[in-house]
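Colleague: Got a minute to go through this model with me? I'd like to start with the empty space inside and then wander a bit.
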Amino acid sequence: MADYRIEEDTLGAVKIPQEALWGPQTERSRNNFSTGAKMPLEIIKALLQIKKAAAIANNEAHAISSEKADLIVKSIDQLLSLRDEELQKDFPLVVYQTGSGTQTNMNVNEVVSHVAQKIDDKLEILPNDDVNHGQSSNDIFPTAMNITAALAVDKLEESTQHLIDELKQKQEKYWKVVKIGRTHLQDATPLTFGQEVSGWVSMLEHDLSYLKNLNQTLSELAMGGTAVGTGLNAAPGFADKIAEQMGQVYDHPFTADTNKFYGLAAHSGLNVVHGAIKTLASDLMKIANDVRFLASGPRSGYGELNIPANEPGSSIMPGKVNPTQAEAITMAAVRVMGNDVVVTMASSQGNFEMNVYKPVLISTFLESAELLTGTMYGFADKMVAGLTINKERMTELVDRSLMTVTALSPHIGYHQSAEIAQKAQADGTTLKEAAIKSGLVTEEQFDKWVVPIDMTNVEEK
């Protein structure tokens, strides 16, 4: 038996592997484009769900027969029931192909058609005329893009909330533990560690609100625009029924009520939401850096925090522990920042009636969302949850700091306070010693005025 079969498309005959469920257009693309990662499986699954909804909508509009619609639905259900690794083998195309995603759309059409023939070889289901009925790659692919992006952002929001919850526990626990503040990487006035963490929490809460507010723009589906946005060959009400079905399948408020010319030519929603993802990445970079620097040491650094020992930190230095979760999340953040350039550039390439950077745009977007979702869970569960403070070290650094002199300023003036701090630094003495020696402050006054916890204005919780 031959290891291939021959099928034809509009360009002629094509040899296809005997067991493959795809057809000639998929095979041509597989041979013409072989570089890069495979099209994300999330896109494939979304396309299958859309085509299932399209078959039902087309049947209700009497555009295809009930028999054909039922067989298409049955075929897609069979595909969606497969494990990911089983499903993946019949969707071999890569991201770097046609900029409209046409070849992946045809890959799905051909696979559904072949599965249908295996289920019922007496009823012919054609890839273009039946599975793709009322659709164009130009509207179905961006519809799948928005669906997968919206779902990815939902997961990202859950991960962000999880990290917020873990940090809030530390905020509560260490609300009144005083430590030295730092500005410009130099000593500043005291604050509590709980207050410091509250700043991190607020950053993430703002990021979460940005994602939630912007995510709704991804709910607008291009479905129904067909080739150029006019809706040619789509049955009346077709797009609305698909959007309604997608809302039920994914429990998300999708709508087809949008300008279709915009939906095909622009991906502004993906662009602006990815901007919020980049903002989250920037804040995660700051938070993770703060944690790993405050935990530096344990004896030759800041040493204010103790991080959990998740794995040996060195192949040569015994007993070393590294802030690996912080390193992972900051590497992910860097990737997301780079990805934002890709998304921005790809979103700008809406030539006339269609953007032709769709595959790289959505694969990049999904990578960013997935990277931050996963690394935030790791950072929250494997670093923040096990984070403890070195209270003695925090107290030592507060006591040694010269910036607590700020509490003297209202009593003796800025310039006299500065002279005391500079004298203490020059002589290597404590601030208290220098203050008393200056004759401007008594020991009793110093102890009354320079109280680190009072300087934090910390509120009771």
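Colleague: How do the residues of the lining of the largest cavity divide into nonpolar, polar and charged?

Modeller: They come out as seven nonpolar, seven polar and one charged. The classes are Ala, Val, Leu, Ile, Met, Phe, Trp, Tyr, Cys and Pro as nonpolar, Asp, Glu, Lys and Arg as charged, and the others, Gly among them, as polar. Before we go on: this is a predicted model, where local features need pLDDT of at least 70, side-chain atom pairs count only at pLDDT 80 or more, and totals for chains, interfaces and linings use all residues. Residues are numbered from 1 along each chain as its sequence is written, and side-chain values use heavy atoms, with hydrogens and water left out.

Colleague: OK. How many cavities of 30 Å³ or more does a search of the whole structure find?

Modeller: One. A cavity here is a set of points on a 1 Å grid over the protein atoms alone where a 1.4 Å probe fits but cannot get out, and lining residues have an atom within 4 Å of a point. The volume is about 110 Å³, taken as the space filled by probe spheres set on the points, with points joined across faces, edges and corners.

Colleague: And which residues are closest to its centre?

Modeller: Asn 146, Glu 220, Tyr 262, Ala 266 and His 267, out of 15 that line the cavity. Two or more lining residues come from each of α7 (137–173), α10 (260–265) and α11 (268–294), and α11 gives the most, with three. Helices are DSSP runs of H or I with at least four residues, strands are E runs of at least two, and both are numbered from the N terminus.

Colleague: Switching topic. Which residues does UniProt list for "active site"?

Modeller: His 184 and Ser 314, from an unreviewed entry. UniProt positions are in the numbering used here, feature names are shortened, and annotations may be inferred rather than shown by experiment. The two are spread over 131 residues of sequence, and in space too, up to 31.2 Å between C-alpha atoms.

Colleague: Is His 184 buried or exposed?

Modeller: Exposed, because its relative accessible area is 76% (buried is under 20%, exposed over 50%, partly exposed in between, with a 1.4 Å probe and protein chains only). His 184 sits in the loop between β3 (178–183) and β4 (186–192), and its phi is positive, near 60°.

Colleague: What about Ser 314, where does that lie?

Modeller: In the loop between β5 (305–306) and α12 (324–347). Ser 314 counts as partly exposed, because its relative accessibility is 21%. A polar atom of its side chain lies 3.0 Å from the backbone nitrogen of Ile 316.

Colleague: Back to backbone oddities. Which other residue has a positive phi although it is not a glycine?

Modeller: His 62, at about 60°. His 62 is in the loop between α2 (41–60) and α3 (66–80).

Colleague: And which residues does a cis peptide bond join?

Modeller: Gly 297 and Pro 298, with omega about 10°. Pro 298 is in the loop between α11 and β5. For background, most peptide bonds are trans.

Methods. 1 Å grid on protein atoms, 1.4 Å probe; cavity = no way out; pocket = protein on both sides within 12 Å on 5 of 7 lines; lining within 4 Å. Polar contact = N/O pair within 3.5 Å; in protein donor to acceptor, adjacent residues only side chain to side chain.
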